[in-house]
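Biologist: I am new to this structure and would like a close look at a single part of it. Please choose one place, take me through it slowly, and then show me what lies around it.

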Amino acid sequence: MRIGELARATGATARALRHYEQAGLISSERASNGYRVYDERVVVRVRNIRHLLAAGLTLDDVRVFLPCLDGDVAAAPPSDKGLRVALERLEILNQRIAAQTEARDRLEAALRQATGGRIRPVA
């Protein structure tokens with residue numbers, strides 16, 4: 001299948017598919033006209049990549065899951081390495097959320113002080 005067909009089958013954009021290919025997560029052959037041609041089995045792999053990305057992992061994190069990207073990633077028992085990567089990503093996300101929460105609280109306090117306790121929504 002060509003890149004547009006793969007994009008439609010997986011909900012990914014052609015740009016994302018090229019990015020996954022550049023990252024070494026999927027591969028294609030080249031037709032005589034230079035178009036990328038993907039094996040039908042890549043559909044499952046791309047859906048799994050998108051599932052892992054939607055869960056908060058990065059493309060670098062997803063590389064750890066390469067051995068199981070062609071199966072049912074969501075139902076498969078997690079490997080120790082996969083769990084470690086996911087836990088590390090969770091910690092990073094928690095740290096970012098905490099930093100953003102602190103920034104929001106400081107801004108809110110500054111606004112309350114500047115407005116005498118009234119925070120008005122911007123129209």
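Modeller: Happy to! A helix here is a DSSP run of H or I with at least four residues, and helices are numbered from the N terminus. Please keep in mind that what you see is a predicted model. Let us look closely at T10, which lies in helix α1. That helix covers residues 3-10.

Is T10 buried or exposed? Buried means under 20% relative accessible area, and T10 counts as buried because its relative accessibility is 10%. T10 has company in this: I3, L6 and A7 are the other buried residues of α1. If you look down the axis of α1, these buried residues fall within an arc of 100°, so they line one face of the helix. The cover over them includes α2 (14-22), β2 (36-37) and α3 (42-54).

Now zoom in on the side chain of T10. Within its own helix, this side chain reaches the backbone oxygen of L6 at 2.8 Å. Leaving aside residues up to four places away in sequence, T10 touches V43, V46, R47 and R50. Just after α1 comes G11, with a positive phi near 80°.

From here we can step out to the elements that cover the helix. Two of them, α2 and β2, are linked by a salt bridge: the side chains of E21 and R36 meet at 3.0 Å, N to O. E21 belongs to helix α2 and R36 to strand β2, so this pair ties together parts that are 15 residues apart in sequence. R36 is partly exposed, with a relative accessible area of 22%.

Moving on along the chain, D39 sits in the loop between β2 and α3. D39 is partly exposed, at 37% relative accessibility. What does D39 pair with in a salt bridge? Its partner is R41, and their closest N and O atoms are 2.9 Å apart. In addition, a polar atom of the D39 side chain lies 2.7 Å from the backbone nitrogen of R41. R41 itself counts as exposed, because its relative accessibility is 64%.

So our walk began at T10, buried at 10% relative accessibility, and ended at R41, exposed at 64%.

Technical notes. Residues are numbered from 1 along each chain as its sequence is written. This is a predicted model: local features need pLDDT of at least 70, side-chain atom pairs count only at pLDDT 80 or more; totals for chains, interfaces and linings use all residues. Side-chain values use heavy atoms; hydrogens and water are left out. Buried means under 20% relative accessible area, exposed over 50%, partly exposed in between (1.4 Å probe, protein chains only). Helices (H or I, at least four residues) and strands (E, at least two) are DSSP runs, numbered from the N terminus. The arc is that of the directions from the helix axis to the C-beta atoms. Contact means heavy atoms within 4.5 Å. A polar contact is a pair of N or O atoms within 3.5 Å; within protein, one must be able to donate a hydrogen and the other to accept it, and residues adjacent in sequence count only if both atoms are side-chain atoms. A salt bridge is a side-chain nitrogen of Lys or Arg within 4 Å of a carboxyl oxygen of Asp or Glu.
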